[in-house]
Structures are given as C-alpha cells and as structure tokens.
Amino acid sequence: MDENIKIMLCEDDENLGMLLREYLQAKGFTTELYPDGEAGYRAFTKQKFDICILDVMMPKKDGFTLAQEIRQSNVDVPIIFLTAKQLKEDIIEGFKIGADDYIPKPFSMEELVLRVEAILRRVRGKKNKDTSVYKLGNFTFDTQKQLLQIGEKQTKLTTKENELLALLCSHANEILQRDFALKTIWIDDNYFNARSMDVYITKLRKHLKDDPQIEIINIHGKGYKLIIPSED
C-alpha cells in the first residue's frame, strides 16, 4: 500500500500473534499486537487504526464482543475475524456484528494480506469518489456520508451496507447478479462471503421497510433486484 496503514491485531496465541505481526510489518503495515479483547479495546479508544484483525476466541473479552464495542464508536473501520469456529451460526453472527471478512483457521498469511489490501482498496476508493446521492422513493441515500434518510429519521450505514446498497442502486429495477456483487464487494464468491451478503441484504431490507414502495427481491438462481418507483 502507498500509505502508512495501522493495524490492530488481537490474537491470544502468542506464537501466532508474533508471526502475524512480523509478517504484516514486513509487508509495510504498522501493526500493534494485543493478547486479549480488553487490551484491544483500551488501545482502540486511545489510538486511530485503519483496520482491525480480531481473533474470535480470546480471554477476558472475545472477538465478537470487542467488535460490537468497536462498532458502537466507529461504524466505518474495517474488521476481519480470524477463527477456528466454522459453524454457520458463528459465521452469521460475525457478519451481523458488521465484519468485513471472516477467515477460518488455518489460513495462509499471504491470503490474509491480500484480503487486508482488498478491503483497504475498497475503503480508499469509496473515500475518493465524488458525492453520489440516490433518491429511493421517500428515502435519500448519500453514499459518501453513508447516510439513509426518510423524513427526520437518519440511519448511518456500515461500510458494507453502504457498498451493497450503492451497487443495488446502480442496478435499480434490474437484476444484480449475485456473483458480480460478491466479486465486486467481497472479492471472492466463497461460502463465507455468500453468507455475509445474505446477512447484509436482510439488514438493508430492515433499513428500507419504512417505505413500502421500496423492495429488495430475490431472483432465484441469479441474484437480487432493488425495486424503486420510477420517476414520472
């Protein structure tokens, strides 16, 4: 990356944590290592991090709890979970919290770096775009501010929610191919990312329920369609 990126790495396995920190630093990332969720949260409240890599099963405070606390104060910072837990329920829980990626152990450090770089490219690309505002029925959607508004009600979207809704808007009243959406936002169309997208589609439907004219429908075997009223 062509900028100084600071990573918060929370991993209670001392050997793995040190290896990951050394590898990430060798790749040009400033990396701070913390052995548990409490130490990680204290650091997050005092420093600015560009991305957080969290082990799920940690002492004192697990990765899911830490991520929830991070999201309460910062909805934008990307979060990657590292975990040996591969149950469907755990994966869905991680994405509901607002994870940007979920990497099951064991994994290659090279893959981790590629995923970090992919997420950071998306975040940086979003920040560099001109303001784009969509009118969705009674909603106004500002992609740069990550803000969805209807009347006096404002909803601050997470980065993934914002990216997915923007992609749906760019294909409004047309089919958004599932594979295209996965590769555009999640880079890879594997099982974990597919489950993530399903979770975010559900979250977007809840955000949009205040206007019955707006609907996100499943197109079996193809993808999704954002239905919005046409402007006369």
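This passage describes strands, a helix, aromatic pairs, cysteines and backbone features of a predicted model.

Strand β1, which spans residues 6-10, is mostly covered, since four of its five residues are buried. On one side of the pairing pattern, β1 is joined by five bridges to strand β2 (residues 30-34), and the two strands run parallel; within this pairing, L9 stands opposite L33 of β2. Strand β1 is also joined to strand β3 (residues 51-55), again in parallel, through four bridges, and here the bridge partner of I7 is I51 in β3. Together with helix α1 (residues 14-26), strands β1 and β2 make up a β-α-β unit that is right-handed.

Helix α4 covers residues 88-97, and its buried residues are D90, I91, I92, G94, F95 and I97. An α-helix has 3.6 residues a turn, so residues three or four places apart point the same way. The buried residues of α4 pack against two helices, α3 (63-73) and α8 (191-208), and against two strands, β4 (79-83) and β5 (101-104). The helix is followed by G98, a residue with a positive phi near 120°.

Aromatic side chains form eight pairs in the structure. In one of them, the rings of F44 and F49 have centres 6.5 Å apart and planes at 10°, so this pair counts as stacked. Both F44 and F49 are buried. Another pair is formed by W186 and Y200, whose ring centres lie 6.2 Å apart with the planes at 50°, so the arrangement is tilted. Because W186 belongs to helix α7 (residues 178-186) and Y200 to helix α8, this pair ties together parts that are 14 residues apart in sequence. W186 and Y200 are likewise buried. Ring pairs further link F64, F81, F95, Y102, Y191 and F192 into a cluster; of these, F95 is also among the buried residues of helix α4. The ring of F49 has a charged partner as well, in that the charged end of K6 sits over this ring at 5.2 Å from its centre.

The structure holds zero disulfides. For C52, the closest cysteine sulfur is that of C10, at a distance of 7.3 Å, which is too far for a bond because a disulfide would require the two sulfur atoms to lie within 2.5 Å. C52 has a relative accessibility of 0% and therefore counts as buried, and C169, with a relative accessibility of 7%, is buried too.

Two threonines in separate strands may be considered next. T140 is placed in strand β7 (residues 139-142) and, with a relative accessible area of 31%, is partly exposed. When neighbours within four places in sequence are left aside, T140 is in contact with V133, Y134, K135, L147, L148 and Q149. By contrast, the C-alpha atoms of T140 and T65, which are 75 residues apart along the chain, are separated by 32 Å. T155 is found in strand β9 (residues 153-156), and its relative accessible area of 15% makes this residue buried. With residues up to four places away in sequence not counted, T155 touches Q146, L147, L148 and H207. L147 and L148 thus appear among the contacts of T140 and also among those of T155.

The remaining features concern the backbone. Most residues other than glycine have a negative phi, and most peptide bonds are trans. The peptide bond from K105 to P106, however, is cis, with omega near -5°, and P106 lies in the loop that connects β5 with α5 (109-128). K60, although it is not a glycine, has a positive phi of about 70°; this lysine lies in the loop between β3 and α3 and is exposed, with a relative accessible area of 66%. Q146, also a residue other than glycine, has a positive phi near 55° and is located in the loop between β7 and β8 (147-150). With a relative accessible area of 2%, Q146 is buried, whereas K60 is exposed. Q146 is also one of the residues that T155 touches.

Methods: Residues numbered from 1 in each chain as written. Predicted model: local features only at pLDDT ≥ 70, side-chain atom pairs only at ≥ 80, totals over all residues. Heavy atoms only, no water. Buried < 20%, exposed > 50% of the residue type's maximum accessible area, 1.4 Å probe, protein only. Contact = heavy atoms within 4.5 Å. Pairing = 2+ DSSP bridges. Right-handed = clockwise from strand over helix to strand, strands pointing away. Phe/Tyr/Trp six-rings, centres within 6.5 Å; stacked < 30°, edge-to-face > 60°. Lys NZ or Arg CZ within 6 Å of the ring centre and 35° of its normal.
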